[in-house]
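Visitor: Please take a close look at one part of this model: the places where its chains touch. A connected account would suit me better than a list.

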4 protein chains.
Amino acid sequence: MTNPDQNDLFKRIQASFLRQGMMNNLGARLLRVEPGLCEVALPHSERVSQQQGGFHGGAMGALADIAGGYAALTAAPPDMEVTTVEYKINFLASFSGGELRAVGRVVKAGKRIIVTTAEVVHLDASGKPTACAVMQQTIVPVHKTY
Amino acid sequence: MTNPDQNDLFKRIQASFLRQGMMNNLGARLLRVEPGLCEVALPHSERVSQQQGGFHGGAMGALADIAGGYAALTAAPPDMEVTTVEYKINFLASFSGGELRAVGRVVKAGKRIIVTTAEVVHLDASGKPTACAVMQQTIVPVHKTY
Amino acid sequence: MTNPDQNDLFKRIQASFLRQGMMNNLGARLLRVEPGLCEVALPHSERVSQQQGGFHGGAMGALADIAGGYAALTAAPPDMEVTTVEYKINFLASFSGGELRAVGRVVKAGKRIIVTTAEVVHLDASGKPTACAVMQQTIVPVHKTY
Amino acid sequence: MTNPDQNDLFKRIQASFLRQGMMNNLGARLLRVEPGLCEVALPHSERVSQQQGGFHGGAMGALADIAGGYAALTAAPPDMEVTTVEYKINFLASFSGGELRAVGRVVKAGKRIIVTTAEVVHLDASGKPTACAVMQQTIVPVHKTY
């Protein structure tokens, strides 16, 4: 059971998430939001594949970027958005089929700079998880423009 | 005018590029291939937008990854593919409308490791370019599986 | 109590560590070695300071690089050395006095590529720890030349 | 011939550089400062060597960090210092003897974030240059505390 505050947090993040044309296009879903944490999912499809049929590195990168970015947003003031300054991602293995899950976590929430990490795991058809990618990211709070 | 060898190189890269479901989905185009260099383009659309309407960081990352990766492929043996070990991208500004252009360049082509950089530039409706992102990437040659 | 195998592992890593002129110069010490893990320490001194008197970013980077690299070495074949392909480090805060501790951990040990992370923590005079830096790193096994 | 303004810029950077205990310890020298650019040198010695006798990755990282950081400082307001948020460095080859030269360049100087790159080149005894490392870095302006 999620407490009321976490429901509010989920709704706040979801409002931003649903505005992302690209996440909708790729087929990503927002799964979980807690203070300092965000989890997103991306099922395999032709929309996210590379030349050998597996998940595209760009899709893994986008998913990790989102997970880290929304984890950071939970640590920013309620009237702010966040923007990615930079990220670095290592790919550990390539996968086809199943689903990716990215969990972003805040490492340090400073006033000017928020540092996060994300782990991307692949779940096969039976739900078995295998490590897929790790990311390290720098975020800054910015004013909303919408 | 492009010489015959560069036409062959373009065709080789294009054969891999056209197999990428995600690049097709995002609307990316292969523009230019030379030994140690690759340029790709991505017009703005809802398919690649973030919550404020601008280009999604994940789209810039995917485009830079592709540009660097295919630059590396021009430096790999003809019967090999390449795979991204990791990349790191800094976003310099956010943009809406127009088109992104990413140019990937090989910095060092070793037998085991290929290092590349990519510059992403935004072109507005009038074609005016502004620096958008810079990337640094590590690639390894791998055997084709198709 | 450490078991005999871990003593062997410690000695193997220490033999390489003691050959590093720079670690000796900076005043770093090897603290702990386990399969997939390495911890090193660096006390504050003028030898590792920046312009404001705190630990130099280059010293934190070198310490994290070493911790991750020797964690990777525990996962490489016994007759091999390792070399750093690249690393990325985020600095979370600056510190003066006390001691830095860097713990490197293997995230994935592949045949060709080993991925590690490291956390650098600052201990003040009373031993109180504060997060200082996080690193993500790519390593390859190489043949010994000594 | 250097113009008076560049002499002032060099002196401003040098005042900060000479305060760095670690750069003095490693034997680094400030070579060149221009708006948006800084070059530093590091001769080979036991003070900067790794276990195989070559330049330590930590020394290359520290040198690149400094070159990028001081390039950024030339783009910051005159009464500010800068601090490194993060950097990522790829090592292209290892070298022994001779001297390293790192040139840092500002890619984008924003109000809140400065992005730089650095190239590290090795010069052998005859002065022949070979590419050694490339770095990408994020910097923020901070208030002086001295």
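Guide: In this predicted model, seven residues of chain D are in contact with seven residues of chain A. On the chain D side, strand E3 (80–91) and strand E6 (129–143) each supply at least two residues. E3(D) gives the most to that side, with three residues. Sorted by class, the side of chain D that touches chain A holds three nonpolar, one polar and three charged residues.

The relation between these two copies can be stated as an operation. A turn of 180° and a shift of 0.0 Å along the axis lay chain D on chain A with an RMSD of 0.0 Å. The two copies are therefore related as by a two-fold rotation axis. The contact follows suit: 100% of the interface residues of chain D are also interface residues in chain A, so the copies meet through the same surface.

Chain A also touches chain B. Here 34 residues of chain A are in contact with 34 residues of chain B. Helix H2 (21–26), helix H3 (57–73) and strand E3 (80–91) of chain A each supply at least two residues of the side facing chain B. The largest share of that side, 10 residues, comes from E3(A). By class, the side of chain A that touches chain B divides into 10 nonpolar, 17 polar and seven charged residues.

E3(A) is also joined to strand E3 (residues 80–91) of chain B by five bridges, and the two strands run antiparallel. Within this pairing, Asn90(A) has Glu86(B) as its bridge partner in E3(B).

Two single residues add detail within the chains. In chain A, Glu34(A) is found in strand E1 (residues 29–34). Glu34(A) counts as partly exposed because 15 other C-beta atoms lie within 10 Å, where 20 or more would make a residue buried. Along the chain, Glu34(A) and Gln52(A) are 18 residues apart, and their C-alpha atoms are separated by 36 Å.

In chain C, Gly68(C) lies in helix H3 (residues 57–73). Gly68(C) counts as buried because it has 32 C-beta neighbours inside 10 Å. Leaving aside neighbours within four places in sequence, the residues in contact with Gly68(C) are Tyr87(C), Gly104(C), Thr116(C), Thr117(C), Ala118(C), Met135(C) and Gln137(C). Between the C-alpha atoms of Gly68(C) and Leu31(C), which are 37 residues apart along the chain, the separation is 13 Å.

Terms used
Residues are numbered from 1 along each chain as its sequence is written. Chains are lettered from A and ligands numbered from 1 in the order in which they are written. This is a predicted model: local features need pLDDT of at least 70, side-chain atom pairs count only at pLDDT 80 or more; totals for chains, interfaces and linings use all residues. Helices (H or I, at least four residues) and strands (E, at least two) are DSSP runs, numbered from the N terminus. A residue is buried if 20 or more other C-beta atoms lie within 10 Å of its own, exposed if 12 or fewer, and partly exposed in between; C-beta atoms are placed from the backbone. Two residues are in contact if their C-beta atoms, placed from the backbone, lie within 7 Å. Copies are superposed by least squares on the C-alpha atoms of residues with pLDDT of at least 70 in both. Ala, Val, Leu, Ile, Met, Phe, Trp, Tyr, Cys and Pro count as nonpolar, Asp, Glu, Lys and Arg as charged, and the others, Gly among them, as polar. Two strands pair if DSSP finds at least two bridges between them.
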